[in-house]
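User: Please take me into the packed interior of this one and stay there for a while. I'd like one connected picture of which side chains meet which, rather than a tour of everything.

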Amino acid sequence: MAIKKSNKLTQTAAIKQILKRCSSFGKKQGYDHEGGHPDDVPKGHFVVYVGEHRSRYVVPISWLTHPGFQSLLQRAEEEFGFNHDMGLTIPCEEVVFRSLTAMIR
């Protein structure tokens, strides 16, 4: 039981870190108007970049709790970390990302 609780706390901390980083992207890129997001990113969403060409996707924050999306975030952290200015990059092919997101919706 203690392992599950510890793992849950680790996931919660990681999600908080992701949200904090995502909310600061707009400010770093000059979108410092109300909400701190670009106009095409609705409240409750964030931007990820996927695939070889770094295609941009706007995804709902609620996806952060989905196990498949958490797996992608874990891979992103291992490969890139979360401390860079270009946004959250997901290390997978676009077709795989679109397939996963179709299942989440």
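Analyst: Let's start with the word I'll lean on most: two residues are in contact when heavy atoms of theirs lie within 4.5 Å. This is a predicted model, so local features need pLDDT of at least 70 and side-chain atom pairs count only at pLDDT 80 or more, while totals for chains, interfaces and linings use all residues. Numbering runs from 1 along each chain as its sequence is written, and side-chain values use heavy atoms, with hydrogens and water left out.

First, a quick orientation. The protein has 3 helices and 3 strands, which are DSSP runs numbered from the N terminus (H or I for helices, at least four residues; E for strands, at least two). From the N terminus on, their order is α-β-β-α-β-α. Of the 105 residues, 37% count as buried; buried means under 20% relative accessible area, exposed over 50%, and partly exposed in between, with a 1.4 Å probe and protein chains only.

Now the interior. A nonpolar core here is a set of buried Ala, Val, Leu, Ile, Met, Phe, Trp, Tyr and Cys residues joined through side-chain atoms within 4.5 Å. The largest one has 17 residues, and the members that touch the most others are Val48, Val59, Phe69, Ile90 and Phe97. At least two residues each come from strand E1 (45–50), strand E2 (55–60), helix H2 (67–80), strand E3 (88–90) and helix H3 (94–104). H2 gives the most, with 4 residues. As background, nonpolar side chains in soluble globular proteins tend to be buried together.

Val48 is a good place to step in. This valine sits in strand E1 and counts as buried because its relative accessible area is 0%. Leaving aside neighbours within four places in sequence, Val48 is in contact with Ser55, Arg56, Tyr57, Val59, Phe69, Leu88, Ile90 and Phe97. Val59 is 11 residues away along the chain, yet the C-alpha atoms of Val48 and Val59 are separated by 7.4 Å.

One of those partners, Phe69, has quite a guest list of its own. Not counting residues up to four places away, Phe69 touches Phe46, Val48, Val59, Trp63, Leu64, Phe97, Leu100 and Ile104. Which of these also pair with it ring to ring? For that we need a rule: rings of Phe, Tyr and Trp (its six-membered ring) pair if their centres lie within 6.5 Å, and planes under 30 degrees apart count as stacked, over 60 as edge-to-face and the rest as tilted. By this rule there are 4 aromatic pairs. In one of them, Phe46 meets Phe69 edge-to-face, at 6.3 Å centre to centre with 75 degrees between the planes. Phe46 lies in strand E1 and Phe69 in helix H2, so this pair ties together parts that are 23 residues apart in sequence. Trp63 also pairs with Phe69 edge-to-face, at 6.1 Å and 65 degrees.

How open are these three rings to solvent probes? Phe69 is buried at 0% relative accessible area, Phe46 is buried at 4%, and Trp63 counts as buried at 7%. Taken together, Phe46, Tyr57, Trp63, Phe69 and Phe97 form one aromatic cluster.

Phe97 leads us over to helix H3. The buried residues of H3 are Glu94, Phe97, Leu100, Thr101 and Ile104. They share one side of H3, because they cover an arc of only 125 degrees around the axis, taken from the directions from the helix axis to the C-beta atoms. Their cover includes E1, E2, H2 and E3. On the other side of H3, Ala102 and Met103 are exposed.

Thr101 is worth one last look. This threonine of helix H3 is buried, with a relative accessible area of 4%. A polar atom of the Thr101 side chain lies 3.0 Å from the backbone oxygen of Arg98. That fits the cut-off for a polar contact, a pair of N or O atoms within 3.5 Å; within protein, one must be able to donate a hydrogen and the other to accept it, and residues adjacent in sequence count only if both atoms are side-chain atoms.
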